[in-house]
Amino acid sequence: MMLGASSTSATLQKQRLNLLLTAHAAVAAVCGVGAFLLPHLFCFFLGEEWHGSWRWNPDDGQVKITHVIIRIYGALIVGQAIIVWQVKQTDDGALRRGVVKAYFVVFTLTFLALLRAHLTDSTWHVINWLNILLFGALAAFYGWFSWVNPPPVFEGLGKAMS
């Protein structure tokens, strides 16, 4: 009886990990495409002000550089969405665990960078707390899977069903 309960628990944990990977891939795809196609909307997070239109100072060289950087970051985020989606599809536990640990590090460092920038720069908006909380939550979710769950949790659902 205990073996069946343990198997059910492991399957539920694998489903939770797949849910996290699915949500991450979906949100990353939307945000990445949005950043690539509409970088001016993301400039708000970098201290850009509303000037009566969606195109803020299009002739300003600094804004053009910022838009390029946001587009490049958006392209990377779209790539990450594809990687995460593919990792979700595999049963390779070592690969899945490695990706989860990598995202724990990425999101922890991003959280710390955003928090430091927000607390030390006067141009950051209150809405940036959404970014800080988002990356803090992602770091916590990936950290929980990285440090609390046993290795079998990282094997895909295909291995749980077979």
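This passage describes a surface patch, two contrasting residues and the largest pocket of a predicted model.

At the surface, Val33, Phe36, Leu37, Leu38 and Leu41 together make a nonpolar patch of about 420 Å². Helix α1, which spans residues 2-37, gives the patch its largest share, namely three residues. Leucine 37, one of the residues that make the patch, is found in helix α1. The relative accessible area of leucine 37 is 54%, and this residue is therefore classed as exposed, the cut-off being over 50%.

Histidine 67 offers a helpful counterpoint. This residue is found in helix α3, which covers residues 61-89. With a relative accessible area of 9%, histidine 67 falls under the 20% cut-off and so counts as buried. Once its neighbours within four places in sequence are left aside, histidine 67 is in contact with Pro39, His40 and Cys43.

Attention now turns to the largest pocket, where the space amounts to about 830 Å³. Its lining is made up of 27 residues. Those lying nearest the centre of the pocket are Phe42, Tyr73, Ile77, Asn131 and Phe135. Several helices take part in this lining: α1, α3, α4 (93-120) and α5 (128-147) supply at least two residues each. The largest share comes from α3, with eight residues. Helix α3 thus appears twice in this account, as the helix that holds histidine 67 and as the source of the largest share of the pocket lining. Helix α1 likewise returns, giving the largest share of the nonpolar patch and supplying at least two residues of the lining of the largest pocket.

How values were computed. Residues are numbered from 1 along each chain as its sequence is written. This is a predicted model: local features need pLDDT of at least 70, side-chain atom pairs count only at pLDDT 80 or more; totals for chains, interfaces and linings use all residues. Side-chain values use heavy atoms; hydrogens and water are left out. Patches are made of residues with over 30% relative accessible area and no salt bridge: like charges are joined within 9 Å, nonpolar side chains (Val, Leu, Ile, Met, Phe, Trp, Tyr) within 5 Å. Accessible areas come from the Shrake-Rupley method with a 1.4 Å probe; for residues, only the protein chains shown count as cover. A salt bridge is a side-chain nitrogen of Lys or Arg within 4 Å of a carboxyl oxygen of Asp or Glu. Helices (H or I, at least four residues) and strands (E, at least two) are DSSP runs, numbered from the N terminus. Buried means under 20% relative accessible area, exposed over 50%, partly exposed in between (1.4 Å probe, protein chains only). Contact means heavy atoms within 4.5 Å. On a 1 Å grid over the protein atoms alone, a cavity is a set of points where a 1.4 Å probe fits but cannot get out, and a pocket is an open set with protein on both sides within 12 Å along at least five of seven lines; lining residues have an atom within 4 Å of a point. Grid points are joined across faces, edges and corners, and a volume is the space filled by probe spheres set on the points.
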